[in-house]
Amino acid sequence: MSHTSVIAQVEQNGHLNVEPMLNGLPVVPVVVLDNAEQAIGLAQTLVKAKLPVIEVTLRNDYGLEAIRLIKAELPEMLVMAGTVTNQAQMLAVIDAGGDAIISPGISESLLKTATDKQIPYLPGIATPSEAMLALQYGLQECKLFPATVVGGVGALKAMGGPFPSLRFCPTGGINEENYQEFLALSNVMCVGGSWIAPSSLIKAQDWQAIEQRCLTLAESL
Ligand code: 3PG
């Protein structure tokens, strides 16, 4: 599809935003899953703890299969694919049944493919120029990544000036100490991070500890 017709499609079909799917969920657990036990165990825990959302990163070979399995077993869960860096991965996630695509950066290739396939897409940005590219494609939401490295709360406040309509999901360096500071910003729709379901607890399959973290989070909001 040509650039011009992609843009026309954006204008016709509206933007491909994630926020309506989040339905008010404030935190997206970002995870790496190694096998079916981890995928199902964690997904069931998050659903039970009323945090039915996950970003499964494609940082290992099992990521795609984890997305396919969780959507098959727990279709009510919002399953987003993370660390998507090229078109082939985006197409594979769509094939696996993923609900949305998250990338660490932003590219015209991913913007065009998401528009063409009408799959919600949350690109990572760190600069005003990248924000302008997202807006050019009709997106109204971006991930700020890596959030605490590229300016954190100050960067988000500064982006709010020139881009008042843009909504953010800061990710990278968000933890139990700082998430409330980010969620308090008017242009932050949610935060992403690994602290809710850290790799050590997933590998140990300590679902009780992860559930407790979700409950502590819910009580703090
Ligand atoms: C990542 O890069 O793994 C995600 O953005 C999560 O970052 P975090 O481990 O700092 O929460």
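Good morning. I begin with the ligand, which is surrounded by Val-30, Arg-59, Phe-145, Thr-171, Gly-172, Gly-173, Ile-174, Gly-193 and Ser-194. Please bear in mind throughout that this is a predicted model.

Three polar approaches to the ligand deserve mention. One ligand oxygen atom is 2.5 Å from an N or O atom in the side chain of Ser-194. A ligand oxygen is also found 2.7 Å from a polar backbone atom of Gly-173. For the side chain of Arg-59, the distance from one of its N or O atoms to an oxygen atom of the ligand is 3.0 Å. As to cover, the ligand on its own has 310 Å² of accessible area, and the protein covers 75% of that.

Phe-145, one of the residues around the ligand, also takes part in a feature of the backbone. The peptide bond that leads from Phe-145 to Pro-146 is cis, and its omega is near -15 degrees. Pro-146 itself belongs to the loop between β6, residues 141–144, and α8, residues 152–160.

Thr-148 is placed in the loop between β6 and α8 as well. Is Thr-148 buried or partly exposed? Its relative accessibility is 36%, and so Thr-148 counts as partly exposed. Leaving out residues up to four places away in sequence, Thr-148 touches Gly-172, Gly-173, Ile-174, Asn-178 and Phe-182. Among these, Gly-172, Gly-173 and Ile-174 appear in the list of residues surrounding the ligand. With Thr-113, by contrast, Thr-148 has a C-alpha to C-alpha separation of 29 Å, at a distance of 35 residues in sequence.

Let me turn to helix α3. The helix comprises 13 residues, 36–48, which at 1.5 Å a residue should span 18 Å; the C-alpha atoms at its ends are 18 Å apart, and therefore the model agrees with the expectation. At the start of α3, a side-chain oxygen of Asn-35 comes to within 3.2 Å of the backbone nitrogen of Glu-37. Just after the helix, Lys-50 adopts a positive phi of about 60 degrees.

Which residues of α3 are buried? They are Gln-38, Ala-39, Ile-40, Gly-41, Leu-42, Ala-43, Thr-45 and Leu-46. The elements that cover them include the strands β1 (27–31) and β2 (53–57), together with the helices α4 (63–73), α10 (199–203) and α11 (207–220).

This brings us to the nonpolar core. In soluble globular proteins, nonpolar side chains tend to be buried together. Here the largest nonpolar core has 78 residues, and those that touch the most other members are Leu-33, Leu-42 and Ile-54. The greatest contribution to this core comes from α3, with five residues. Leu-42 is in contact with Val-31, Leu-33, Ile-54, Ala-197, Ile-202, Trp-207 and Ile-210, when residues up to four places away in sequence are not counted. Leu-33 and Ile-54 thus stand among the contacts of Leu-42.

Glu-211, in helix α11, offers a further link to α3. Its relative accessibility is 17%; the limit for a buried residue is under 20%, and therefore Glu-211 counts as buried. Apart from its neighbours within four places in sequence, Glu-211 contacts Thr-45, Lys-48 and Ala-49. Of these, Thr-45 is one of the buried residues of α3.

Next, Leu-22, which is placed in helix α2, residues 19–22. Leu-22 is buried, as its relative accessible area is 2%. Beyond residues up to four places away in sequence, Leu-22 touches Val-28, Val-53, Leu-78, Met-80, Met-189 and Cys-190. How many residues separate Leu-22 from Met-189 in sequence? The two are 167 residues apart along the chain, while their C-alpha atoms are 9.0 Å apart in space.

I close with two glutamines that share a backbone feature. Gln-118 has a phi near 55 degrees, a positive value in a residue other than glycine. Gln-118 lies in the loop between α6 (108–117) and β5 (121–125), and at 34% relative accessibility it counts as partly exposed. Gln-205, likewise not a glycine, shows a positive phi of about 50 degrees. Its place is the loop between α10 and α11, and Gln-205 counts as partly exposed at 35% relative accessibility. Both α10 and α11 were named earlier among the elements that cover the buried residues of α3.

Thank you for your attention.

Key: Residues numbered from 1 in each chain as written. Predicted model: local features only at pLDDT ≥ 70, side-chain atom pairs only at ≥ 80, totals over all residues. Heavy atoms only, no water. Helix = DSSP H or I, 4+ residues; strand = E, 2+ residues; numbered from the N terminus. Expected span 1.5 Å × (residues − 1). Buried < 20%, exposed > 50% of the residue type's maximum accessible area, 1.4 Å probe, protein only. Contact = heavy atoms within 4.5 Å. Polar contact = N/O pair within 3.5 Å; in protein donor to acceptor, adjacent residues only side chain to side chain. Near = heavy atom within 4 Å. Areas by Shrake-Rupley, 256 points an atom, 1.4 Å probe, with all protein chains shown as cover. Core = buried A, V, L, I, M, F, W, Y, C linked by side-chain atoms within 4.5 Å.
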